[in-house]
Amino acid sequence: MSTPTQLAILAEWKTWRHISGAAENTVYAQSKYVEKFIRSMKRKSIDNIKPEMVHEFVNADDGKSFNTKSFALSALRAFYTFAKGMGYCQINPAEIVKVNRRKLSHKQREGREVIPFTAEEVKQILSVRSPKFLRIATAISWYTGLRIVDICKLEWDSISDTHIIVWTDKRDKRVALPLDHIALGGGALKPFLDEIEKTDDRFCFPVEKAKIESPHSRSRTSDNFTRLIKKYGIWQKGKSFHSLRHSFVTRLADMGMSLKDIGV
């Protein structure tokens, strides 16, 4: 029996990732890098892929940041680990490859700058003029540091009178956040949580959940947030919804606290 083509193996891998519970967006993003690499190899069979080829692809002079190159390498490692496990190749050609930091510029090493929001700027976003979901999501991220994907996937069972408890999408890690903790606003988030309307038995934001889970619409919520802060005149390069998480971590540091101190 002949070995499948790399693109056929990629299709198998994507199916396996979905079955094993990987996040849709992660599978989509990783698959794009793997497919790009496979196509750059011009139909070479999987047994002919060498570490030098992966090294050249990952460390290409393409201006991409260290984090982006690391993500691409991680995707290739995962793909070839699967292929090796299925018996399609003898070695994982990405296993010994590293991103060569010495070839990168300062900008590439530093990555994208993230600028935190001030309390006054967040106050503007939380005004009644803002769209309801963005206002509530901003409050949740500002007070808890949760990522937009975790907010969109919040379940009613995650919220109690005392805590928000989630299993994060990025690392599948349990995070328990005491709502009355001083670092989380001392109860200031509760009125915003009370505003959530129950339109689904399981999920707090079913419409936003559907958007964030689709590779074709996943950026809409973040794009809407960017348009909102531009409307309020508080946008600048480096500010996005993720800046709210950065603001949360910065605020904890200013208080001399860490995430572990509040039970996260």
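Colleague: Which residues does isoleucine 164 touch, leaving out those up to four places away in sequence?
Modeller: It's a predicted model, so to speak of ground rules: local features need pLDDT (the predictor's confidence in each residue, from 0 to 100) of at least 70, side-chain atom pairs count only at pLDDT 80 or more, and totals for chains, interfaces and linings use all residues. Residues are numbered from 1 along each chain as its sequence is written, and side-chain values use heavy atoms, with hydrogens and water left out. Taking contact as heavy atoms within 4.5 Å, isoleucine 164 touches Leu146, Leu154, Ser158, Ile159, Val175, Ala176, Leu177, Leu179, Leu189 and Leu193.

Colleague: How many residues are in the largest nonpolar core?
Modeller: A nonpolar core is a set of buried (under 20% relative accessible area) Ala, Val, Leu, Ile, Met, Phe, Trp, Tyr and Cys residues joined through side-chain atoms within 4.5 Å. Ile164 is among those with the most contacts inside the largest one, along with Phe117, Ile140, Leu189 and Phe205. The residue count of that core is 42.

Colleague: And which element supplies the largest share of this core?
Modeller: Elements are DSSP runs numbered from the N terminus: helices are H or I with at least four residues, strands E with at least two. Among those giving at least two residues each are strand S1 (163–167), strand S2 (174–178) and helix H7 (132–144). The largest share, eight residues, comes from H7.

Colleague: How many residues are in the other core, the one with Met41?
Modeller: That core lies apart from the largest one. Val54, Phe57 and Ala75 are also among its members, and its residue count is 26.

Colleague: At what angle do the axes of H1 and H4 cross?
Modeller: Axes are lines fitted to C-alpha atoms, for helices over the stretch in contact, with angles from 0 to 180 degrees between N-to-C directions. Those of H1 (residues 6–19) and H4 (residues 66–85) come within 10 Å. The two helices are roughly perpendicular (65 to 115 degrees; under 35 is roughly parallel, over 145 roughly antiparallel, the rest oblique). The crossing angle is roughly 95 degrees.

Colleague: Is lysine 42, in the loop between H2 and H3, buried or exposed?
Modeller: Most residues other than glycine have a negative phi. Lysine 42 has a positive phi of about 55 degrees although it isn't a glycine. Exposed means over 50% relative accessible area, with partly exposed between that and buried (1.4 Å probe, protein chains only). At 72% relative accessibility, lysine 42 therefore counts as exposed.
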